[in-house]
Amino acid sequence: NTENGRKGDGKLKSLRAFYYPENLEEALEILRDDSMKSKVIAGGTSVSLTKDLEVEAMVDITRTGLSYIKEEPGYVVVGATTTMRELMRSDVIRNLADGILARAATLVASQPLRNVITIGGNIVQLRVWSDLPTVLLALDAQVKVMGYEERTIPAEDFFKSHPMELLAKDEIVTEIGFPRTQEKSGAEFIKLGKTTGDYA
């Protein structure tokens, strides 16, 4: 709505419920409830930018155990609610692919926002300022999604269109897998903007 020349008035005017599920299955059950239109959030930094005026419920997945960084054979896997701050500080991430993911995380927004912006939110919301999709594409990452069934989507396919068009209403991105690079390979992430924290 536009009122008195101000854009954005009336956003989330239909919101009537906020959920904190304790596990992933509980979150998926809420999303499958056809009696209301729900939206998944974690860091919540994009909530004010939502254009969907029909959202009735927010489902916060920060308590579902999706914040982690693990080493697996041939891969480093990162849970979807892992924050930029956690990526920056992780020795595992700093050693992955010559540190490209850690460097990209340090350039996302400002320090207060890096404390809450999640890797899942940065790739699913996919806005003009999203920095991490470039890294996922460069590293041939795999995005794991959970709904009625689990599926793994290559980054190249995940970003062919907007991820919100790819995901079903009852699907949640749960983790991102990064293949280990060869020992002698190198990588760099360079972001050009007018100021620190500006859009690339």
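**Exercise 1. Find Asp140 in this predicted model and say which loop holds it, whether it is buried or exposed, and what sign its phi has.**

*Solution.*
Step 1: Start with the location. Asp140 sits in the loop between α7 and β8 (142-146).
Step 2: Check the surface. The relative accessible area of Asp140 is 52%. The cut-off for exposed is over 50%, so Asp140 is exposed.
Step 3: Look at the backbone. Asp140 is not a glycine, yet its phi is positive, at about 55°. For context, most residues other than glycine have a negative phi.

**Exercise 2. Now visit the loop between α6 and α7, and describe Leu126 by its phi and its accessibility.**

*Solution.*
Step 1: Leu126 belongs to the loop between α6 and α7.
Step 2: Its phi is near 40°, which is a positive value in a residue other than glycine.
Step 3: Leu126 has 24% relative accessibility and therefore counts as partly exposed; that class runs between the 20% and 50% limits.

**Exercise 3. Stay in that loop and work out whether Ser130 is buried or exposed, and which backbone atoms lie by its side chain.**

*Solution.*
Step 1: Ser130 is placed in the loop between α6 and α7 (132-138).
Step 2: With a relative accessibility of 14%, Ser130 counts as buried, because the limit for that class is under 20%.
Step 3: Take the oxygen first. A polar atom of the Ser130 side chain lies 3.1 Å from the backbone oxygen of Asn122.
Step 4: Then take the nitrogen. The backbone nitrogen of Arg127 is 2.9 Å from a polar atom of the Ser130 side chain.

**Exercise 4. Follow strand β7 (residues 75-79) and explain why it is largely enclosed, then trace its partners.**

*Solution.*
Step 1: Count the buried residues. Four of the five residues of β7 are buried, so the strand is largely enclosed by the rest of the structure.
Step 2: Turn to one partner, β6 (residues 69-72). β6 and β7 run antiparallel and are joined by four bridges. Within this pairing, Glu71 has Val76 of β7 as its bridge partner.
Step 3: Look at the connection. The two strands make a hairpin with two residues between them, and Gly74 in the turn shows a positive phi of about 80°.
Step 4: Turn to the other partner, β10 (residues 172-179). Five bridges link β7 and β10 in the antiparallel sense. Here Val77 is the bridge partner of Gly177 in β10, while Val78 stands opposite Ile176.

**Exercise 5. Put β7 into its sheet: what is the strand order, and which strands are the edges?**

*Solution.*
Step 1: Write down the order. The sheet is open and has five strands, β6-β7-β10-β8-β9, with antiparallel pairing.
Step 2: Find the edges. β6 and β9 (150-154) each pair on one side only, and these are the edge strands.
Step 3: Add the twist. On average, neighbouring strands of this sheet are turned by 25° against each other, direction ignored.

**Exercise 6. Describe the sheet that contains β5 in the same way.**

*Solution.*
Step 1: This open sheet has three strands in the order β3-β5-β4, and the pairing is parallel.
Step 2: Its edge strands are β3 (17-19) and β4, each pairing on one side only.
Step 3: Neighbouring strands here are turned by 20° against each other on average, direction ignored.
Step 4: Zoom in on one pair. β3 and β5 (residues 57-60) run parallel and are joined by three bridges. As a landmark, Ala17 has Ala57 in β5 as its bridge partner.

**Exercise 7. Characterise the largest pocket: how much space does it hold, and what lines it?**

*Solution.*
Step 1: The largest pocket holds about 1,100 Å³ of space.
Step 2: Its lining has 49 residues, and those nearest the centre are Lys39, Val40, Val124, Gln125 and Met164.
Step 3: Sort the lining by residue type. It divides into 23 nonpolar, 15 polar and eleven charged residues.
Step 4: Match it to the fold. β4 (38-41), α6 (119-124), α9 (163-166) and β10 each supply at least two residues of the lining.

**Exercise 8. Finish at Tyr148: is it buried or exposed, and how far is its C-alpha atom from that of Phe158?**

*Solution.*
Step 1: Tyr148 lies in the loop between β8 and β9.
Step 2: Tyr148 has a relative accessible area of 66%, so it is exposed.
Step 3: Phe158 is ten residues away from Tyr148 along the chain, and their C-alpha atoms are separated by 18 Å.

Note on methods: Residues are numbered from 1 along each chain as its sequence is written. This is a predicted model: local features need pLDDT of at least 70, side-chain atom pairs count only at pLDDT 80 or more; totals for chains, interfaces and linings use all residues. Side-chain values use heavy atoms; hydrogens and water are left out. Buried means under 20% relative accessible area, exposed over 50%, partly exposed in between (1.4 Å probe, protein chains only). Two strands pair if DSSP finds at least two bridges between them. On a 1 Å grid over the protein atoms alone, a cavity is a set of points where a 1.4 Å probe fits but cannot get out, and a pocket is an open set with protein on both sides within 12 Å along at least five of seven lines; lining residues have an atom within 4 Å of a point. Grid points are joined across faces, edges and corners, and a volume is the space filled by probe spheres set on the points. Ala, Val, Leu, Ile, Met, Phe, Trp, Tyr, Cys and Pro count as nonpolar, Asp, Glu, Lys and Arg as charged, and the others, Gly among them, as polar. A polar contact is a pair of N or O atoms within 3.5 Å; within protein, one must be able to donate a hydrogen and the other to accept it, and residues adjacent in sequence count only if both atoms are side-chain atoms. Axes are lines fitted to C-alpha atoms, for helices over the stretch in contact, and angles run from 0 to 180 degrees between N-to-C directions.
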